[in-house]
Amino acid sequence: MAAFASIAKSCKNLKVYNSTQQLFRFQGIRSLLLQSASESVKLRKLIDSDSGILEVNLERPGTKNAIGKDMLRGLQYTFEAVNNDHAAKVLLISSSVSKVFCAGADLKERKTMSPSEVQEFVYSLRSTFSYLEALHVPTIAVIEGAALGGGLEMALSCDLRICGEDAVLGLPETGLAIIPGAGGTQRLPRLVGRSIAKELIFTGRKVGGRDAFSMGLVNHCVPAGEAHTKAIEIARDINQKGPLAIRMAKRAIDGGVEVSMMSGLELEEDCYEQLLHTKDRLEGLAAFAERRKPNYTGE
């Protein structure tokens, strides 16, 4: 993707900070902090038994994690890094800012842009979320508090969404005389249906966590403050499965829903065949026969 050409080079240099080897506990989970292109986007790699799980944290408290140019660069850099990390198995996207996932675009910054600059920014944002959607690993949005506008569009680009009961989700763009421009008009109806998506976008109405769950906007709604715990639980479950199988399952599902049933079945067959001669498939059979936990290597 052209939008990421310059980022790809820098991502090859992604490494743990040599000076401090920052090792810390994040909500009781051991992880390493990796370099980022932005102070507002931090990439953490979980270690020990959680090795394979990565987490992106949004950290721009002064603007409620509003997405400006700097944060967008950080997201692009980070998603490239995850896609290039062959050890990555699951990615979480969460917020370190209390009571907010992401408030959307940085409207104060946008007010200073010309129409052409706005168009370029929205194009880059849309491309970034499409790249997120196409990542080879499963992605989970951890939503506590507000996920509005571009923030909800980012969550919609993830495979799964977990929210707390006090979450507030919405696409309020029509109130600003624009429309969702980073995929919201396309991903929301595919998730909740055309009629519900039209109501939410036409009115700009915000919904709470329970309503979001009932309409299929999120996979799980848990008590406020427990979304991260639930997301880690799901990530750990995914992390134990065959990584190649997970990647092929994602490819088959995402590619299949956009084509006819016949074409989808052909895609499924192709994905299945790619797993037949892997070491992981043989390891899975051996572990089942020996009644032990499989040791998958992604080969």
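Trainee: What makes E4 and strand E5 (residues 90-95) a parallel pair?

Mentor: Two strands pair if DSSP finds at least two bridges between them. E4 and E5 have six bridges in the parallel sense, so they meet that definition. Asn57, for one, stands opposite Ser94 in E5.

Trainee: Why is the link from E4 through H2 to E5 called right-handed?

Mentor: A crossover is right-handed if, with the strands pointing away from the viewer, the path from the first strand over the helix to the second runs clockwise. This β-α-β crossover from E4 through H2 to E5 is right-handed. Helices (H or I, at least four residues) and strands (E, at least two) are DSSP runs, numbered from the N terminus. Good to know here: the model is predicted, local features need pLDDT of at least 70, side-chain atom pairs count only at pLDDT 80 or more, and totals for chains, interfaces and linings use all residues. Residues are numbered from 1 along each chain as its sequence is written, and side-chain values use heavy atoms, leaving out hydrogens and water.

Trainee: How do you know that the length of helix H2 (residues 69-84) agrees with its residue count?

Mentor: The expected span is 1.5 Å times one less than the number of residues. For the 16 residues of H2 that gives 22 Å, and the end C-alpha atoms are 23 Å apart, which agrees.

Trainee: And what makes strand E4 (residues 53-58) mostly covered?

Mentor: Six of its six residues are buried, meaning under 20% relative accessible area with a 1.4 Å probe and protein chains only (exposed is over 50%, partly exposed in between). Ile53, Glu55 and Asn57 point one way, Leu54, Val56 and Leu58 the other.
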